[in-house]
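I sat down with this model to look up a handful of things before going back to the bench. These are my notes, in the order I took them.

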Amino acid sequence: KRKVAFLMSGGDSCGMNASIRAIVRVAIAKGCDAYAVYEGYQGLVTGNELIKKMEWNDVAGILSTGGTAIGTARCKEFRERSGRLKACYNLVSLGIDSLIVNGGDGSLTGADIFRSEWNGLLQELVDSGKITADLAKRHQHLSIVGMVGSIDNDMVGTEMTIGANTSLHRIVEAIDSISSTASSHQRAFIIEVMGRHCGWLALMASLATGADWLFIPEAPPAETWEEDMCDVLKKHRQLGKRKVIIVVSEGALDRNNQPIKCEKIKDVLSKKLNYDTRVTTLGHVQRGGFPTAFDRILATLQGSKAVEEVLSSSENKPSPLIAYNENKITCVPLMEAVQMTLAVAKAVEAKDFKRAFELRDPDFRA
Ligand code: ADP
């Protein structure tokens, strides 16, 4: 019987539970055993009660819930080879040879390093007498399959990450609520949303709410942004618009790489336009709540695909990342996608936006 383990790592996102449910049930339906690794890589390193065989009903009732039922965590030990050696021992002891990792680029890099070291780790366990040569031989190949849970929608190679759609809905609901007050009092609201290197949430929320102005990391405003913004806002008010909504990505920068802070924008509005201005930082409400139908469906189909990929993996096939492109569940090479994602972040940092946009639209999509 194939034994498939899975874990959630890095920041939580809505839809992770749907992926857990799909992985467990599809694995069981295909005649495999499914093992949940609790608390991300920490569970892999610690083993024991943190790696638990799941039955069909263990994942009942979680499809419509936010967060992750098996925890997620950041784990320092897994960054060290010694931690990964313990993880290797824990997996081999349970007869597990496949691992599905749902996380961001850091978690997926960790997974790839783990796979590349696998044979060396096995040898070390044999040499130190922890496992037999026979057991090592039966576990020569570790299958790794990646999935992306991220509210930022910041992974290259997939048009949508698990949880981004729900977060966008949360933000839009919040801006709609704020809009009533803004209209009634003719106030300006500056709303900070998550997205450190990626302005997708801010951009899409602005489109969905008809925001007046927007700040994202990928498009620093002109040096004259204060005047430009005030001109536009004045024009909107002349046209009869009573409210002002400005959306700011938490990672927004100006042309001199200085963060664009909400308080600074508020100052500009108060001083130059004399607008009654309030700042709202949405914070963690953006991560939680019930997942949208889209995220439940995406995570369910991707979880199912992840199990299929585990079962068809082989030593010479590169690890896949389960993606979503042109309305289909697809696979792209895991490490290529991660490396391109890191390259985009670097290009944005270096203000080479043309390069960043080129990298985000790769032709390696399946
Ligand atoms: P994300 O997956 O959301 O990008 P992190 O970068 O914090 O989040 O990574 C989550 C976890 O993945 C880390 O706490 C660590 O256990 C593991 N990890 C990240 N990068 C590496 C790496 N280079 N080598 C080994 N493990 C890593």
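**Entry 1: Lys241.** I began with Lys241, which sits in the loop between helix H8 (225-238) and S8. Keep in mind throughout that this is a predicted model. Is Lys241 buried, exposed or partly exposed? I got 16 other C-beta atoms within 10 Å, so Lys241 is partly exposed. I also checked its distance to Asp212: the two are 29 residues apart in sequence, and their C-alpha atoms are 10.0 Å apart in space.

**Entry 2: Ser179.** Next I looked up Ser179, in helix H6 (residues 164-185). Ser179 has 17 other C-beta atoms within 10 Å, so I put it down as partly exposed. Which residues does Ser179 touch, not counting those up to four places away in sequence? I found Lys243 and Ile245. I noted Arg242 as well: its C-alpha atom is separated from that of Ser179 by 9.7 Å, with the two positions 63 residues apart along the chain.

**Entry 3: Thr330.** Thr330 belongs to strand S11. With 18 other C-beta atoms within 10 Å, Thr330 falls short of the 20 needed for buried, so it is partly exposed. Thr330 and Thr158 are 172 residues apart along the chain, yet I get 8.4 Å between their C-alpha atoms.

**Entry 4: positive phi in loops.** I went looking for odd backbone angles. Most residues other than glycine have a negative phi. Glu39 goes the other way, with phi near 60 degrees. I located Glu39 in the loop between strand S2 (33-37) and H2. Glu39 has 20 other C-beta atoms within 10 Å, and 20 is enough, so Glu39 counts as buried.

Asn153 is another one: it is not a glycine, and its phi is positive at about 55 degrees. I found Asn153 in the loop between S5 and H6. Asn153 has 23 C-beta neighbours inside 10 Å, so it is buried.

**Entry 5: the ligand.** How many residues are around the ligand, and which come nearest? I have 16 around it, with Gly10, Gly104, Gly106, Ser107 and Gly110 coming nearest. Helix H4 (residues 105-127) gives the most to this shell, six residues. Sorted by class, the shell has nine polar, four nonpolar and three charged residues.

**Entry 6: H3.** I checked the length of helix H3 (residues 81-94) first. Its 14 residues reach 20 Å from first C-alpha to last, close to the 20 Å expected at 1.5 Å a residue. Its buried residues are Gly83, Arg84, Ala87, Cys88, Asn90, Leu91 and Val92. What covers them includes strand S1 (3-8), helix H2 (41-46), strand S3 (51-54), H4 and helix H5 (133-138). Gly95, just after H3, has a positive phi of about 75 degrees.

**Entry 7: H3 against H4.** How do the axes of H3 and H4 cross? They come within 9 Å and cross at roughly 75 degrees. An angle of 65 to 115 degrees is called roughly perpendicular, so that is what H3 is to H4. On the H3 side, I listed Arg81, Arg84, Leu85, Ala87, Cys88 and Tyr89 as making the contact. On the H4 side, the contact uses Phe114, Glu117, Trp118, Leu121, Leu122, Glu124 and Leu125. By class I have nine nonpolar and four charged residues in this contact, and no polar ones.

**Entry 8: H7.** In helix H7 (residues 200-209) I marked Trp200, Leu201, Ala202, Leu203, Ala205 and Ser206 as buried. These pack against H6, strand S6 (188-193), strand S7 (213-215) and strand S8 (244-249). Just after H7 comes Gly210, with a positive phi of about 65 degrees.

**Entry 9: H11.** Helix H11 (residues 334-349) has 16 residues, which should span 22 Å at 1.5 Å a residue; I get 23 Å between its end C-alpha atoms, which agrees. Which residues of H11 are buried? My list is Leu334, Met335, Ala337, Val338, Met340, Thr341, Val344, Ala345 and Val348. They pack against H4, strand S5 (143-148), strand S10 (320-325), strand S11 (328-333) and helix H12 (353-360). Just after H11, I noted a positive phi of about 65 degrees at Lys351.

Definitions and conventions. Residues are numbered from 1 along each chain as its sequence is written. This is a predicted model: local features need pLDDT of at least 70, side-chain atom pairs count only at pLDDT 80 or more; totals for chains, interfaces and linings use all residues. A residue is near a molecule or strand if its C-beta atom, placed from the backbone, lies within 6 Å of it. Helices (H or I, at least four residues) and strands (E, at least two) are DSSP runs, numbered from the N terminus. Ala, Val, Leu, Ile, Met, Phe, Trp, Tyr, Cys and Pro count as nonpolar, Asp, Glu, Lys and Arg as charged, and the others, Gly among them, as polar. The expected span of a helix is 1.5 Å times one less than its number of residues. A residue is buried if 20 or more other C-beta atoms lie within 10 Å of its own, exposed if 12 or fewer, and partly exposed in between; C-beta atoms are placed from the backbone. Two residues are in contact if their C-beta atoms, placed from the backbone, lie within 7 Å. Axes are lines fitted to C-alpha atoms, for helices over the stretch in contact, and angles run from 0 to 180 degrees between N-to-C directions. Angles under 35 degrees count as roughly parallel, over 145 as roughly antiparallel, 65 to 115 as roughly perpendicular and the rest as oblique.
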